[in-house]
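Q: I've got a model open and I'd like to learn how to read it feature by feature. Can you walk me through it?

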Amino acid sequence: MRPNETGIEAWLRDAALPAEIAATYPHYAAIVPLTTAKDSPVYTAATELQLGLSKILRQTVTLRPESELASSATLVVGTVDAFAAAGGDVRGIPDLKEDGFSLLCRDGGASVKILGENERGALYGAFEFLMLLSQNKPLPDLYSSSPSAPIRWVNQWDNLDGTIERGYAGPSIYFKDGYVVEDLTRAAQYARLMASVRLNGIIVNNVNSDSKLFSPTNMKGLARIADVMRPWGVRIGVALYFDTPKGLGGLSTSDPLDPDVVAWWDEITTSLYRHVPDMLGYLIKANSEGQPGPLTYGRTLADAANMFARALQKHGDGIVMYRAFVYNHHLDESNWKNDRANAAVEYFDGLDNEFEDNVLVQIKYGPIDFQIREPPSPLLAHLRKTPIILELQVAQEYLGQQDHVVYLPPLWRTIFDFDLQIDDRPSAVRDIVSGARFNWDRAGYAAVVNVGNDPTWLGSHLAMSNLYAYGRYTWDPTSDEEGVIRDWTRLTFGLNETVESAVTQISMQSWRTYEDYSGNLGIQTLCDIVKTCHYGPSPAAHDGNGWGQWTRADEHGLGMDRTVATGTGNAGQYPSAVAKRFEEIETTPDELLLWFHHVPYTHILKSGKTVIQHFYDAHYEGSQVAQTFPRQWETLRGLIDDARFEHVLFRLEYQAGHALVWRDSVCMFYYAKCGIADSQGRVGNHAWRIEAEEMELDGYEVVAVTPFEAASGSKAIVAADGVQTATAQCTVGFDSGVYDVAVNYYDHLGGNSEYQIFLNERLIGAWSGNLEDRLGHDFSDLVDGHSATRIYLRQVAVGKGDRLKIVGRPDGAERAPIDYVSFLPEGIID
Ligand code: GCU
């Protein structure tokens, strides 16, 4: 039996190598840190090496002072400069960029020098060494590495009350009840994880910020957060609420040109620096989604950014991260020229030369909002002088919220590798972000991560590969997707080829799979955006409101016409070569067709299929692949500890069921819209289903579900008001045999209903509607596409003519809702 693991150490478990392998390594006599300062990342590196060696190789190694540098069989860790100053030989060490490191392993790995360009680099080198050991990879004679970009940061959307916006893993590790928490152990552990993948900064609070962040008590709290993260080379910054002068400050305005406002922010900034002398700066969301901002006061975005920038300049190297996510969420859909995707360029054009040097514009990867597939934001091609931060999302807000597995690097690569051809010169997004394309010294990456208090950090063990990969990609955006997931798997689950290949296969298929069943051809993730869960399917939710995530689906066609010729002109916001490509249907890749063009359902794709048939096929294929994930995972039983095995299996089973909900919802929605049947006759034909509304009901009543496509046959049953036990019964008409019995039901907030299912009065299954206690995604409180789910009872012997009975016991507002029951012969998915 393997000891159960909670996941709290993520990929830093430092699991012991098998004794026979450990014995092949040298015995390390001493670790020599080239510093005596206990809060230095170099010292952290030394203690981390000590801990790692004790766990991985079971060696007890002492820390020794610099005077022992000359002795052999040691591990030396420090900066290149400190090593040279102590008389060390630094010939042959190449020039390193900020945070870079060299790792030299001589004498068969017995003499190890870990030398950083700076103290953080030394720590990164130490982690590199330990991760090589953990994976039993060869130790290099000389390996040097430098980051692609200096800014490699995390954004947390933590609120002061302890909730996390778009967080799927429990409450904040930073805040509770309006204040910074007393016990910051988790914050330090988070910094350790970040440092191990070379992330060097974090904005600790939500972009939808709160003026009370700057109360005297919270200033002290921020200082404590900075103190626990600093030894890991992680600096902190804050997101601010634009109208704080009016709220907390008691001023009559927050106008950025008002002298009192300027003085007020100066004072706040001075006070913050007193508490956090190495503060990163300010992240600003303004004039976005109802937030106040400079436009509220008749000022420009640059007026605001520069006011903050000047306040920061008086103290250190702090920067303003001014978010480009500025848009009007009350757009008029009846005007075909309106387009939210145009907003960033429209707001920022003309400002490129207006910003202070320490203003960076933080731009989401796509023009809309973290969708399953978007082209790169056109704003990436408009700023030449003002450096940028590219905003990604590790939290899977629109991508299954960690209850669907989606390994993100393949999606990120579509952005990083995209050549924007600015001024007809090669302009891959990764080279803009690194600063190389326009000679910026400071630019880089931020990702919304939203870890929570759950021991798994992100709510799901598998989701952690995305945090790991995020670090790896900010360092090297050309990293091999499969290599990264393999490394992560070995570090997370141990050195076992079966485990490695199963996790790799599931992960490498996962993004495509999710795209296949959630939103194809650039139509966006077709989740419900109106109830704000951003989770389950509801294709209609995209249209008929001012949010601007429109699909413009009607009975004839769908897609946004973003051409210059007849549409919103968005294609024309890209540099000419790219604009030309997106302007024409023929040269727009199929996967972005509906992002840029409005076409009939019968439009023929480059693949030769019609758009509507592509939708049907992709949804059937994707949801079918999702069924293979739990089966693949099951082959790992006993190869990893039971706790993590069961945790992942439960989620993959859930995902397999919800993928079918997605498939049926999206297919039925578009079938109802256009009336064009699936050429393979699958859509709307479910030979193995018994609809709950067609059963004999006692205490249950039939309800029409909204949206209609979230229920098979658009109806479900719920227990009638006041009923404590409701039943639904029928006679099974399928041939006798062994079936997997699937029950599709709804599990929403408001109660935990109980269910039992009988065949001829023999209990074959029982469960509770308690997914909200077991899964992390945002739940709705209704019978809909968020709450629709499936449970399987495997391998049930069924006789023709058997009586099927489901007993539902409602609880609170959850009235034991049921959609249908399927009897699935081997190999049938329905
Ligand atoms: C999305 C997300 C919000 C968030 C916003 C932002 O719209 O749903 O919760 O506040 O992005 O990035 O500011």
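A: Sure, let's begin with residue classes: Ala, Val, Leu, Ile, Met, Phe, Trp, Tyr, Cys and Pro count as nonpolar, Asp, Glu, Lys and Arg as charged, and the others, Gly among them, as polar. By that scheme, the shell around the ligand holds 3 nonpolar, 2 polar and 8 charged residues. Keep in mind that this is a predicted model, where local features need pLDDT of at least 70, side-chain atom pairs count only at pLDDT 80 or more, and totals for chains, interfaces and linings use all residues. Residues are numbered from 1 along each chain as its sequence is written, and side-chain values use heavy atoms, with hydrogens and water left out.

Q: How many residues surround the ligand, and which are the closest?

A: A residue is near a molecule or strand if one of its heavy atoms lies within 4 Å of it. Here 13 residues surround the ligand, with Glu165, Lys285, Arg323, Lys364 and Glu397 the closest.

Q: Which polar side-chain atom lies 2.6 Å from an oxygen atom of the ligand?

A: A polar contact is a pair of N or O atoms within 3.5 Å; within protein, one must be able to donate a hydrogen and the other to accept it, and residues adjacent in sequence count only if both atoms are side-chain atoms. The 2.6 Å case belongs to Lys285. For Glu165, a side-chain N or O atom is 2.4 Å from a ligand oxygen, and for Lys364 the distance to a ligand oxygen is 2.7 Å. As for burial, the ligand taken alone exposes 310 Å², and the protein buries 97% of that. Those areas come from the Shrake-Rupley method with a 1.4 Å probe.

Q: Now the sheets. What order do the strands of the barrel take?

A: Strands of a sheet pair through backbone hydrogen bonds, either parallel or antiparallel. Helices (H or I, at least four residues) and strands (E, at least two) are DSSP runs numbered from the N terminus, and two strands pair if DSSP finds at least two bridges between them. In this model 8 strands close into a barrel, E7-E10-E11-E12-E13-E14-E15-E16, with parallel pairing. Neighbouring strands are turned by 25° against each other on average, direction ignored; axes are lines fitted to C-alpha atoms, and angles run from 0 to 180 degrees between N-to-C directions. Strand E7 (residues 151-155) pairs with strand E10 (residues 201-203) over 3 bridges, and Trp153 stands opposite Gly201 in E10.

Q: And which strands stand at the edges of the open sheet?

A: That sheet has 5 strands in the order E20-E23-E28-E25-E26, paired antiparallel. Strand E20 (696-698) and strand E26 (762-768) are at the edges, each with a single partner strand, so one side of each lacks a neighbour in the sheet. The twist averages 15° from one strand to the next. E20 pairs with strand E23 (residues 726-731) over 3 bridges, and Glu696 has Gln729 as its bridge partner in E23.

Q: Where should I look for unusual backbone geometry?

A: Try two loops. A cis peptide bond, omega about 0°, joins Thr706 and Pro707, and Pro707 is in the loop between strand E21 (700-704) and strand E22 (715-719). Arg198 has a positive phi of about 70° although it is not a glycine; Arg198 is in the loop between helix H5 (185-196) and E10.
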